[in-house]
Amino acid sequence: MADELTVCAAAYFRSIGKDVTTPEEFVMGTSLELKWMSPSDSKLLLSAMTKAGVVTQKDGYIRPASDLGAIDLPLAYRPPKELVESLHGAKSQTSENKADAKPQADAADVFPMLMERAVEAGMQRRDFIQSCNRIQKRLDIEIGVAALIVLRDAGADVGPYLDAVYDSVRMS
């Protein structure tokens with residue numbers, strides 16, 4: 001599995017074009033941009049990569065532990081399903097129960113839920129919607145993903161909403 005984790009890390013860092021990122025960028029990048037897995041699975045992947053010594057985390061940044069440039073990557077790399085399944089096998093039973101207890105929103109409820117979060121963060125509804133539409137058109141992405149970007153840029157914690165947005169993107 002360590003070899004696959006190294007290949008996965010190499011593919012991610014090549015896709016972003018730099019050798020440093022934050023945990024939040026990693027989760028959003030592997031789940032919403034590359035569409036490899038859900039945000040919760042991305043967090044497990046990052047944890048497994050850190051434990052295996054493939055990446056290092058220091059001062060809020062993630063860096064490859066070694067030079068990943070020499071690794072040959074398959075065209076259009078995606079982590080195999082076995083890797084994702086093995087991440088779930090390593091997860092404890094208590095964290096599974098916690099994940100099951102989290103309320104799931106269906107695709108139609110995601111944007112209004114994010115809009116309410118924006119209002120709680122002090123943004124005007126109109127400004128939030130305009131910003132989301134502008135980013136959606138410019139980046140050609142789903143409105144929920146654009147809303148996450150707007151909220152993140154405004155300093156709001158988007159972590160609790162990642163799974164719901166991922167599910168809505170996957171269903172569309």
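Let's start with a single residue: Glu116 has a relative accessible area of 37%, so it counts as partly exposed. Keep in mind that this is a predicted model. The partner of Glu116 is Arg125, and the two are joined by a salt bridge whose closest N and O atoms are 2.8 Å apart. Arg125 is also on the partly exposed list, with 39% relative accessibility.

**The big picture**

Now for the chain as a whole. There are nine helices and two strands. If you walk along the sequence, the order you meet is α-α-α-β-β-α-α-α-α-α-α. The chain has 172 residues, and buried ones make up 40% of them.

**Salt bridges**

How many salt bridges does the structure hold? The count is four. Here are three to look up in the viewer, including the one we began with.

| Salt bridge | N to O distance | Accessibility of the partners |
|---|---|---|
| Glu116 and Arg125 | 2.8 Å | Glu116 37%, Arg125 39% |
| Asp153 and Arg152 | 3.2 Å | Asp153 54%, Arg152 36% |
| Arg170 and Asp167 | 3.4 Å | Arg170 56%, Asp167 15% |

Take the Asp153 and Arg152 pair. Asp153 is exposed, with a relative accessible area of 54%, while Arg152 comes out as partly exposed at 36%. Their closest N and O atoms are 3.2 Å apart.

The pair of Arg170 and Asp167 is worth a stop as well. Their side chains meet in a salt bridge, at 3.4 Å from N to O. Where do Arg170 and Asp167 sit with respect to the helical turn? Both belong to helix α9, which covers residues 162-171, and they are three residues apart there, so about one helical turn separates them. Are the two buried or exposed? Arg170 is exposed at 56%, but Asp167 is buried at 15%. The cut-off for buried is under 20% relative accessible area, so Asp167 falls on the buried side.

Asp167 has company in that helix. Eight of the 10 residues of α9 are buried, and therefore the helix is largely enclosed by the rest of the structure. Among the buried ones are Leu162, Val165, Tyr166 and Val169. Asp163, Ala164 and Ser168 are buried in α9 too.

**A patch of negative charge**

Which residues form a negative surface patch? They are Glu24, Glu25, Glu33 and Asp157. One of them, Glu25, has its place in helix α2, which runs over residues 23-33. At 32% relative accessibility, Glu25 counts as partly exposed. Patch members need over 30% relative accessible area, so Glu25 clears that bar.

**Aromatic rings**

The structure also has four aromatic pairs. Tyr12 and Phe13 make one of them, and their arrangement is edge-to-face: the centres are 5.3 Å apart and the planes are at 70 degrees to each other. Both rings belong to buried residues, with Tyr12 at 2% relative accessible area and Phe13 at 7%.

Tyr12 pairs with Phe26 as well, again edge-to-face, at 4.8 Å centre to centre and with 70 degrees between the planes. Why does this pair link separate parts of the chain? Tyr12 lies in helix α1 (residues 2-16) and Phe26 in helix α2, so the pair ties together parts that are 14 residues apart in sequence. Phe26 is buried, at 1% relative accessibility. Put the rings together and you get one aromatic cluster, made of Tyr12, Phe13 and Phe26.

**Two backbone oddities**

Last, a look at two loops. Lys35 has a phi near 55 degrees, which is a positive value in a residue other than glycine. You'll find Lys35 in the loop between α2 and α3 (39-52), where it is partly exposed with a relative accessible area of 44%.

Asp59 is not a glycine either, and its phi is positive too, at about 55 degrees. Asp59 is in the loop between β1 (55-58) and β2 (61-64). Is Asp59 buried or exposed? With a relative accessible area of 66%, Asp59 is exposed.

Methods:
Residues are numbered from 1 along each chain as its sequence is written. This is a predicted model: local features need pLDDT of at least 70, side-chain atom pairs count only at pLDDT 80 or more; totals for chains, interfaces and linings use all residues. Side-chain values use heavy atoms; hydrogens and water are left out. Buried means under 20% relative accessible area, exposed over 50%, partly exposed in between (1.4 Å probe, protein chains only). Helices (H or I, at least four residues) and strands (E, at least two) are DSSP runs, numbered from the N terminus. Patches are made of residues with over 30% relative accessible area and no salt bridge: like charges are joined within 9 Å, nonpolar side chains (Val, Leu, Ile, Met, Phe, Trp, Tyr) within 5 Å. Accessible areas come from the Shrake-Rupley method with a 1.4 Å probe; for residues, only the protein chains shown count as cover. Lys and Arg count as positive and Asp and Glu as negative; His and the chain ends are not counted. The place of a charge is taken as NZ of Lys, CZ of Arg, CG of Asp or CD of Glu. Rings of Phe, Tyr and Trp (its six-membered ring) pair if their centres lie within 6.5 Å; planes under 30 degrees apart count as stacked, over 60 as edge-to-face and the rest as tilted.
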